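Student: Could you take a close look at one part of this model for me, the charged pairs, and then work outwards to whatever lies around them?

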Amino acid sequence: MIRNNAQPLLLAAFSTLLYYIFAYHLVRSDFIRLISLVAGLFIITYFLIKSYGWNFWLLAGIGIFFRLLFLPAIPNLSQDFYRFLWDGRMIVNGLNPYLYTPESILASPELIMGEIPHNGQLLKDGMGALNASHFSNYPPVNQFFFGIAALLTGKSILGSVIVLRILIILADLGTLYFGSKLLKAMDLPATNIFWYFLNPFIIIELTGNLHFEGVMLCFLVWSLYLLHRKKWVWSAILFGVSISVKLIPLLLLPLLMKYLVKRTNIKNGILRLAGYYTL
C-alpha cells in the first residue's frame, strides 16, 4: 500500500510528465491532445490542493518545479513573444518601439537609419502579419522587461525567452508571497493562494506562453495587500506599476471608492481617492 506521504509526489510526477509533453511535444493544432492534457492537469491539481493544501511548502515547491520545466521551452501556444523580443531589441538599439511597426521598418530601413533589430525578419515572421502590421500596444513597464531580456541575451532568441520566463516566475513567487499574506490578513486560509499558484492555466499561459498578466498580478496583489494595511500611498504607486504592465487593473479602480471613502469621513475619503487615482 502506498504511504500517504508518497501520494503527492506521485501526483506531482504524473503532472510533470503532462507538463513536459505540453512544453516540448505539443502542436497547438492537436486539439485532442491539448484538451486531454489540460483536463488531466486540472484533475490532478484539484486532488493535490484538496488533499495536501495544509502543506504550504510542499505545494509551493511543486508549483515552482512545474514552472521550471518550461524554462528552456519555446512557447508553442502563442507567438506574441516574438513581438516582445522585437520591442526589446528596438529599445536596446535606442529606438522607440511605439513609433514604427515591424512591417514598416523592414520595408523601409531608412526610417531608423538602418538599425534593424537582429533577426528582424525571423521575428516578424514569427509574430505574424497581423502583429507586425500594428504598432506596439504594450505599456512602458512591460517594455522595460522586454528591454532587460534583449540587453542580457543579445542576439539569442532562446536566451531572451529564458530571461522573460524567469521574470514571470519571480512575479508568480511574489504573488504567492503577498497573496498568502493578504489572505491571512483577511482571516482566510493562506493555502487558498494555491488555486492560483498551481492552476494549470496559469502555469501554461503565463510561464509557458510568456504572458505578462502574471507580472501585472504580482504588483496588483502587492498593492492590495498594502491597501489592506492602510499604506495607501505605496499601494497607489504599485497599482500604477501594475497598470503600466497591463491595462486591465484600470477596470478595478471604481471598486476602490467603497474602500477609501468612508461614510464617517467622506471629505477625507474623497481626497484619499483622488490622491490614489493621481498616483
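Tutor: Sure, let's start with R83, which forms a salt bridge with D87, the closest N and O atoms being 3.1 Å apart. Keep in mind that this is a predicted model. The two partners share helix α4 (residues 80–92) and sit 4 residues apart, about one turn of the helix. Both R83 and D87 are buried.

R83 also turns up in a pocket lining. Alongside Q79, M127, L130, N131, H134, F135, S136, N137 and Y138, R83 lines the second largest pocket. That pocket holds about 160 Å³ of space. By class, its lining comes out as 4 nonpolar, 5 polar and 1 charged residues.

Now for the other pairs. Side chains of opposite charge can pair when their charged atoms come close. Searching the whole structure turns up 4 salt bridges. One of them joins the side chains of R67 and D172, at 2.9 Å from N to O. This one ties together distant parts of the chain, with R67 in helix α3 (residues 56–69) and D172 in helix α9, 105 residues apart. As with the α4 pair, both ends are buried: R67 and D172.

Another salt bridge brings together the side chains of E213 and K246, 3.7 Å from N to O. Here too the pair links distant parts of the chain: E213 is in helix α12 and K246 is in the loop between α13 and α14, 33 residues apart. What about burial? E213 counts as partly exposed because its relative accessible area is 23%. K246, at 17%, is buried.

Helix α12 is worth following further, into the largest pocket. α12 gives the most to that lining, with 6 residues. α9 (157–185), α12 (213–228) and α14 (256–260) each supply at least two lining residues. The largest pocket contains about 380 Å³ of space. Of its 17 lining residues, L182, M186, L220, V221 and L224 lie nearest the centre. The class split is 14 nonpolar, 3 polar and no charged.

L220 leads us on to S242, a residue in helix α13 (residues 232–243). Leaving aside neighbours within four places in sequence, S242 is in contact with M216, F219, L220 and P249. A polar atom of the S242 side chain lies 3.0 Å from the backbone oxygen of M216. S242 is buried, since its relative accessible area is 0%.

Two loop residues round things off, if you like checking backbone angles. L210 has a positive phi of about 60° although it is not a glycine. You'll find L210 in the loop between α11 (200–208) and α12, and it is buried because its relative accessible area is 0%. D187 likewise has a positive phi of about 60° without being a glycine. D187 lies in the loop between α9 and α10 (194–197). With 71% relative accessibility, D187 counts as exposed.

Methods:
Residues numbered from 1 in each chain as written. Predicted model: local features only at pLDDT ≥ 70, side-chain atom pairs only at ≥ 80, totals over all residues. Heavy atoms only, no water. Buried < 20%, exposed > 50% of the residue type's maximum accessible area, 1.4 Å probe, protein only. Polar contact = N/O pair within 3.5 Å; in protein donor to acceptor, adjacent residues only side chain to side chain. Contact = heavy atoms within 4.5 Å. 1 Å grid on protein atoms, 1.4 Å probe; cavity = no way out; pocket = protein on both sides within 12 Å on 5 of 7 lines; lining within 4 Å. Points joined across faces, edges and corners; volume = space filled by probe spheres on them. Nonpolar A, V, L, I, M, F, W, Y, C, P; charged D, E, K, R; others polar.
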